[in-house]
Amino acid sequence: MIALIGGGLVVLVLFTFFVLRLSENAVRREARGRVGTTAALSARLVREQSLRVGEVVGSYASRLSNLPAPRRATLPPADRRRLAAALFALRSEVDGVTSASFTDSRGRLVAASPPPVLPIGTDLSGRDWYRGLRERSPYLSRAYISQGRRRKVTVTAVRVQDPDGRPLGILLATETERTQRFTDAFGSQFGTGITVTDQAGTIVGATGSDAQRLISLAGDPLVKRALAGRSGTLDGSVGGERTVSGYAPVAGTGWAVLARVPASEAYRDVPRLRATVLAASGLAAFVFLWLVPLLVGRLSRARDALGVQEAFQRDLLPSKMPPGVHSIYRASERRMLLGGDFIDALPTPDGGLAILVGDVCGHGPRAAALGATLRAGWRTLASAGVGVTRLDLLDALVDGERRDLDLFATLACAEISPDGRTLTYALAGHPPPLLLLPDDVVALDAPRGAALGLGAVGPRPIGTQDLPDGWALALYTDGLIEARATPESERLGVPGLMAWGRGPDGRPDAAHLLATVRRLADREPSHLDDDLAFVIVDATVIGDPDVRAAVAPRSMGRA
Amino acid sequence: MSDPATDPITFDFALTEERTSGGTHVIAVSGEVDIFTAPDLKRTIAQAIEGGTRLLVIDLTLTRFLDSTALGVLIGAVKRLRPLDGRMAIVNTEPSTAKTFQITGLDRIFTIVDTREAALEAVGTG
């Protein structure tokens, strides 16, 4: 049983482990997928915004395509006014643009709105957008702190060309906080920390961050990956808090986006899942640790008890009956198998036959044990030739053995002489044996002796009967005469049993009696209120060929 | 078959107890006393004896049937009373029960009478 439980628990633990692993992994994968999707979505939104700004700035740039190329960063007055009007329009009409500037094609400042902090003619060709415009236009710049207002800004730079495609200059739109507003809004909306960095890994905007400082995440492995154009997700920790991060590049800008969610938030389904799985496993473990031993224990105890009962029951019956002795034994199922009836039959020392039927009042192991004891005791008496004459010796056995004042026993025993002509019998509080004669059925109800265990009452009186040809003798317990032939009918009683001793022709018939009792016993045992024992012998049991011949027509050999 | 009057298990078994002014405990039994109902009778008798009863009358006037378990209970009662100098009498008029007492030889051990008055007289109280 230990092995069964142990094996079961090992299987259970492994099963739980794997279920947890599989389901947790599934949940984590799904949660990570969500974070990765958030990063990709943010990157896309950032890209859309920058493209739109680029388009708008480009449309203003196209208005400048008929300007003359600036000389020494200056324009003729009329063109200067037109340029100033265009820059003012760009700054004031486009949401988020805080200033607009124009440089010549070599990066020297020509004009700005509002009026520039830097002097006209300042060389801005060292700025990243100047180099970047060689690759694409519009170009979204890195974040930097503006010289004048000391604010973190990004610049959308667009080449300005004349209708023939010759470069005229560069139009610059400066924005502050657009990206920061986006990351803050996204963070509060979806509970996700979004960080947008420029092409160098510097934060342009990050949920809840200081908008006016330049902070570099260039060393962050996720930022590195995103800047390299890769996207994905990763478990990690930020400031000691476990997080799930997604990263994605912002296509067409060189920027990168990180989305970070606390692990507790991303995996909030995991604890619930774990609790569910563990609860189920705990239940299964409970079943194994408590219920299985209980059931197995009960089962084995019941089996043991049945084994003991069967052993007792066997001891109530002789291991072997002499040939010619027919017996029926049924323990009442209402009494839970173990009965107190006992029977025996054995040759006497002089060659006759001794028969016993007894009944310990009560039921269960105590009654069965006393019954087995009495049978063994009587067998000793019978094998010494005093089975009928010294029943008083069994009184001591009952008084000595029983542990319950209520227990007592009755028995009937008989001896057939070796020549089959004489019957001696004794009754100890027992129902009368039936003697079937050729033309009569007789109840041997006298002389009577008291039951065993009523206090010493001395030797029981002995009855003697001459046996004619064709006799039969039936001994039984009260379970038979207290039985009902059908559930509705009266108890059988001694008279009823005597009637069963006659065949259909009305003549005494041992075979008929045996068959009728067997039918009763073979009927549903639950109909029996009490145990039932029945033993019948006829003249054929004695090895006298003459006697056998005389009774052959009615003997039980045919039954 | 569920009619209690014909169900062999619950065959209107009942016990009624009464204590006479003379101190005799009378237990009247009705119905059938068998393997299933005998424990009730046994418990009732045991409680009476533990409660100090020394004079006991078991009235079987309304008892239709006693099986061997019930006989055992009556034998046990006599044996319990014997060392306490107690006495027990049984009232019985049912022929089959009388036959059972006869067969088992218990008629020689029990005091068996026809009426409750005779039983009370037999145990020594009026």
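Is Phe408(A) buried or exposed, and how many C-beta neighbours does Phe408(A) have inside 10 Å? Select Phe408(A) in this predicted model and display what surrounds the residue: Phe408(A) counts as buried, because 29 C-beta neighbours are found inside 10 Å, and the cut-off for that class is 20 or more.

With Phe408(A) still selected, follow the backbone to either side, and you will find that the residue belongs to the loop that runs between helix H9 (392-401) and strand S15 (409-416) of chain A. Next, show the residues in contact with Phe408(A), leaving aside those within four places in sequence: in chain A these are Cys361(A), Val398(A), Ala451(A), Leu452(A), Gly453(A) and Leu454(A), while chain B contributes Gly72(B) and Ile75(B). Then add Gly429(A) to the selection and draw a distance between the C-alpha atoms, which for Phe408(A) and Gly429(A) comes to 9.8 Å across a sequence separation of 21 residues.

Now widen the view to chain A as a whole, where the secondary structure amounts to 13 helices and 21 strands. Colouring the chain by burial would mark 42% of its 559 residues as buried. If you instead draw the contacts of chain A between residues at least 6 apart in sequence, 63% of them link residues that are at least 24 apart.

The next stops are two cis peptide bonds. Select Ser113(A) and Pro114(A), whose connecting peptide bond is cis with omega near -5°; Pro114(A) sits in the loop that leads from strand S2 (109-113) to helix H3 (128-132) of chain A. Then move to Ala446(A) and Pro447(A), which are likewise joined by a cis peptide bond, with omega near -5°, and note that Pro447(A) is placed in the loop between strand S18 (440-443) and strand S19 (462-466) of chain A.

Finally, inspect two residues for their backbone phi angles. Arg72(A) is not a glycine, yet it has a positive phi of about 50°, and its position is in the loop between helix H1 (2-63) and helix H2 (77-93) of chain A. Arg72(A) counts as exposed because it has 9 C-beta neighbours inside 10 Å. From there go to Glu177(A), again not a glycine, where phi is positive at about 70°; Glu177(A) is located in the loop between strand S6 (167-175) and helix H4 (178-190) of chain A. With 18 C-beta neighbours inside 10 Å, Glu177(A) is classed as partly exposed.

Key:
Residues numbered from 1 in each chain as written. Chains lettered and ligands numbered in written order. Predicted model: local features only at pLDDT ≥ 70, side-chain atom pairs only at ≥ 80, totals over all residues. Helix = DSSP H or I, 4+ residues; strand = E, 2+ residues; numbered from the N terminus. Buried ≥ 20, exposed ≤ 12 C-beta atoms within 10 Å, placed from the backbone. Contact = placed C-beta atoms within 7 Å.
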